[in-house]
Amino acid sequence: LCPLKTFFQLASSMMLQQQGRLTRQQRPKSTCSAPTMARTMASCSSNTTTTQRRPTWAVKEGRPISMHHGMRAHVVPHAASVDTAPSAASRTESSASASTSFELCCPICFKQRFSLPGMPKTSQALACTRCARSFSTTPAYVDLTLTSGVKQKVYNQKQWGGTELFRSPVISFVYERGWRQGFSWAGFPGVDKETEMAMRYLRPAYGKVVVDMSCGSGLFTRRFARSGKFAGVVAADFSESMLGQTKTFLEERAPPGSGAQAPVLLLRADVGRLPFPTGSVAALHAGAAIHCWPNPQAALAEISRVLAPGGVFVGTTFMVPTAPLGQALGNDDLVRPLNQLQDAPRGQYKWWEEEELRDLCTGVGLQGFERERQWRFIMFAARKPMGPDVTNSDDE
């Protein structure tokens, strides 16, 4: 395997080539082949070999827009859905966009609502009169984080290491070009299979807008948008560079036979302060994400808040090293003491036990916990209980 320095040289070279700023004479010389580079990326993402034997599947269970409080802002003259290459798909998507509304809100008070039909074509501002704050939106993404639209002179929020890593342009570039494929060591079955599994849990949201939280480079966003099952997809991430990669991939030509694409809204958001009205989200998906969140309990509470009655949360993550043994024995309790002997995973991530994930969901009022496990991979889902519609309660 080529050393880590060579890997980053090659990754940077690929990124510059993609942008058309590197000539053939400027490429760094290396004897590392593309397959070798992919293996290096996989090695960089874990310390475990990819040749481990794993058991088979075990399924157990601008212009500022001023708005009054409580009213929705429609910025139709300045918004459009993300364009795609096929003209037929673009026409279909444009038609769908006309009837699709992405419901957002101020991330400070949660009361000022913004209703967008798609991505803005020009830079604008979404104004919350209640908080006297404006949030920036551009053709690249809508930014509804707490620091959007303001430049802080002194204060600088210290971010969690697992969050900051994926804000790197280099990491964002290589994520879908080898990094994500390296998750196979833990039993992740691959994006296509994971999408197929997730779609089974997401059925209650068919015909509605689904949120792909911590979307990364848009691996699942694209598949959801092209599935023909959803009215729209919100691709949300805290990383600006990841949203840039999502936009790049969305604008590339769709695979043959993939059909029309639902409108996609690119949103910069913090999972600990979701800019969605209470009870307004039909489903939220977070693929390989929760182990990177700085405060998973606060994030789950936010997810529970924004889910509509009957709404579903679907996530995947890495399990603790003892999970395969616990699965083989049919009892994770027997191997739990061994977890105390394990070192913390590099201080940036948290590996999970199944019961921890179950406790998180139960603690924020999500019910009907289900999961599918393989080796150290787990997909889990839980639902918001059916109850009164609270979508408009914030206006009272």
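## Salt bridges and empty spaces

The count of salt bridges comes to 18. The structure you are looking at is a predicted model, and three of its charged pairs make a good place to start. The table sets them side by side.

| Acidic residue | Basic residue | Closest N and O atoms |
|---|---|---|
| Glu176 | Arg222 | 2.4 Å |
| Asp192 | Arg223 | 2.9 Å |
| Glu354 | Arg358 | 3.0 Å |

**Bridges to helix H7**

Take the salt bridge between Glu176 and Arg222. This pair links distant parts of the chain, with Glu176 in helix H5 (residues 169-179) and Arg222 in helix H7 (residues 219-225), 46 residues apart. Glu176 has 14% relative accessibility, so it counts as buried because the cut-off is under 20%. Arg222 is buried as well, with a relative accessible area of 7%.

Now look at the salt bridge of Asp192 with Arg223. Here, too, distant parts of the chain are linked: Asp192 sits in helix H6 (residues 191-201) and Arg223 in helix H7, 31 residues apart. Asp192 counts as exposed at 55% relative accessibility, whereas Arg223 is partly exposed, with a relative accessible area of 27%.

**A bridge inside one helix, and a network**

Where do Glu354 and Arg358 lie? Both are in helix H12 (residues 354-363), four residues apart, which is about one turn of the helix. Glu354 is buried with a relative accessible area of 3%, and Arg358 is buried with 18%. Salt bridges that share partners join these two residues with Asp332, Glu355, Arg371 and Arg373 into one network.

**The largest cavity**

Some of those names come back when we turn to empty space. The largest cavity holds about 50 Å³ of space. Among the residues that line it are Asp332, Glu354 and Arg373, and its lining also includes Met319, Val320, Thr322 and Asn339. By class, the lining of this cavity divides into four nonpolar, two polar and four charged residues.

**The second largest pocket**

How much space lies in the second largest pocket? The value is about 430 Å³. Of the 24 residues that line this pocket, Lys208, Val209, Ser280, Val281 and Ala282 are the closest to its centre. Strands E5 (102-105), E11 (209-213), E14 (281-286) and E15 (307-318) each supply at least two residues of the lining. Strand E15 gives the most, with four residues. Sorted by class, the lining of the second largest pocket has 12 nonpolar, eight polar and four charged residues.

Key. Residues numbered from 1 in each chain as written. Predicted model: local features only at pLDDT ≥ 70, side-chain atom pairs only at ≥ 80, totals over all residues. Heavy atoms only, no water. 1 Å grid on protein atoms, 1.4 Å probe; cavity = no way out; pocket = protein on both sides within 12 Å on 5 of 7 lines; lining within 4 Å. Points joined across faces, edges and corners; volume = space filled by probe spheres on them. Nonpolar A, V, L, I, M, F, W, Y, C, P; charged D, E, K, R; others polar. Salt bridge = Lys/Arg side-chain N within 4 Å of Asp/Glu carboxyl O. Buried < 20%, exposed > 50% of the residue type's maximum accessible area, 1.4 Å probe, protein only.
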